[in-house]
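Q: I am new to this structure and would like to learn how to read it. Please show it to me, and I will ask about its features one by one.

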Amino acid sequence: MEKIYEVVRIKQVVTESSLEYERIREPKHAVDIAYHFIGEDDREIFLVMCLNTKNIVTAVHRCHVGSVNASIVHPREVFKSAILNNSTSIIVAHNHPSGDPTPSREDIEVTERLAESGRILGIELLDSLIIGEKTGLTIKFTSLKAKGYL
């Protein structure tokens with residue numbers, strides 16, 4: 001006789017945090033949120049911001065912790081939090097501990113793969129951000145949407 005298992009609940013751990021911006025209106029808003037969560041980490045961190053139909057951030061998920069120069073992410077981990085939070089779109093971000101937000105070939109390829117996965121799932125990837133160093137009040141960053149990769 002074969003055993004059949006039923007998934008009755010997928011647990012999501014929730015912690016509260018206040019965000020400076022309620023609604024994302026421009027990349028800088030998302031950059032400020034991402035920097036708050038991952039800006040000064042010494043390893044690459046891949047972050048997913050889940051948004052509703054009004055571009056209000058409903059959840060922020062620390063998807064993957066990598067090494068000093070790499071973070072391997074898979075669409076299933078990225079979109080899991082978006083699905084659990086009934087998101088209509090996401091913004092992803094990761095930091096470059098070197099402080100240089102120049103995108104690598106891998107950054108571009110991951111962004112393209114996530115955009116395609118999002119189209120299939122019906123969850124739009126609004127932007128993919130690379131967070132660099134902060135000098136004074138200015139955070140260096142690259143928006144892959146602004147660069148034409150989305």
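Q: In this predicted model, is Cys 50 buried or exposed?
A: Buried means under 20% relative accessible area. Cys 50 has 0% relative accessibility, so it counts as buried.

Q: And is Cys 63 buried or exposed?
A: Cys 63 is also buried, because its relative accessibility is 15%.

Q: How many disulfides are there?
A: A disulfide is a covalent bond between the sulfur atoms of two cysteines. The count here is zero. Cys 50 takes part in none, and the nearest cysteine sulfur to its own is that of Cys 63, 9.8 Å away.

Q: Why is there no bond from Cys 63?
A: Its closest cysteine sulfur, in Cys 50, lies 9.8 Å off, and that is too far for a bond. The cut-off is 2.5 Å between the sulfur atoms.

Q: Which way do the side chains of β1 point?
A: In a regular strand the side chains alternate between the two faces of the sheet. From β1, Ile 45, Leu 47, Met 49 and Leu 51 point one way, while Phe 46, Val 48 and Cys 50 point the other way. Seven of the seven residues of β1 are buried, so the strand is largely enclosed by the rest of the structure.

Q: Which residues stand opposite those of β1 in the strands it pairs with?
A: Take one pair on each side. Leu 51 faces Val 57 in β2, and Val 48 faces Val 92 in β3. The pairing of β1 with β2 is antiparallel and has seven bridges; β1 and β3 also run antiparallel, joined by six bridges.

Q: What links β1 to β2 along the chain?
A: The two form a hairpin with five residues between them, and Asn 55 in the turn has a positive phi of about 60°.

Q: What is the order of the strands in the sheet?
A: The order is β2-β1-β3-β4-β5, in an open sheet of five strands with mixed pairing. The edge strands, β2 (57-65) and β5 (138-143), each pair on one side only. On average, neighbouring strands are turned by 25° against each other, direction ignored.

Q: Which helices pack on the sheet?
A: Helix α1 (residues 27-38) does, touching β1, β2, β3, β4 and β5, with its direction at about 60° to that of β4. Helix α2 (residues 75-84) packs on the sheet too; it touches β1, β2 and β3, and its direction makes about 30° with that of β1.

Q: What is the mean pLDDT of the protein chain?
A: The mean is 86, and 82% of the residues reach 70 or more.

Methods. Residues are numbered from 1 along each chain as its sequence is written. This is a predicted model: local features need pLDDT of at least 70, side-chain atom pairs count only at pLDDT 80 or more; totals for chains, interfaces and linings use all residues. Side-chain values use heavy atoms; hydrogens and water are left out. Two strands pair if DSSP finds at least two bridges between them. Helices (H or I, at least four residues) and strands (E, at least two) are DSSP runs, numbered from the N terminus. Axes are lines fitted to C-alpha atoms, for helices over the stretch in contact, and angles run from 0 to 180 degrees between N-to-C directions. Contact means heavy atoms within 4.5 Å. Buried means under 20% relative accessible area, exposed over 50%, partly exposed in between (1.4 Å probe, protein chains only). pLDDT is the predictor's confidence in each residue, from 0 to 100.
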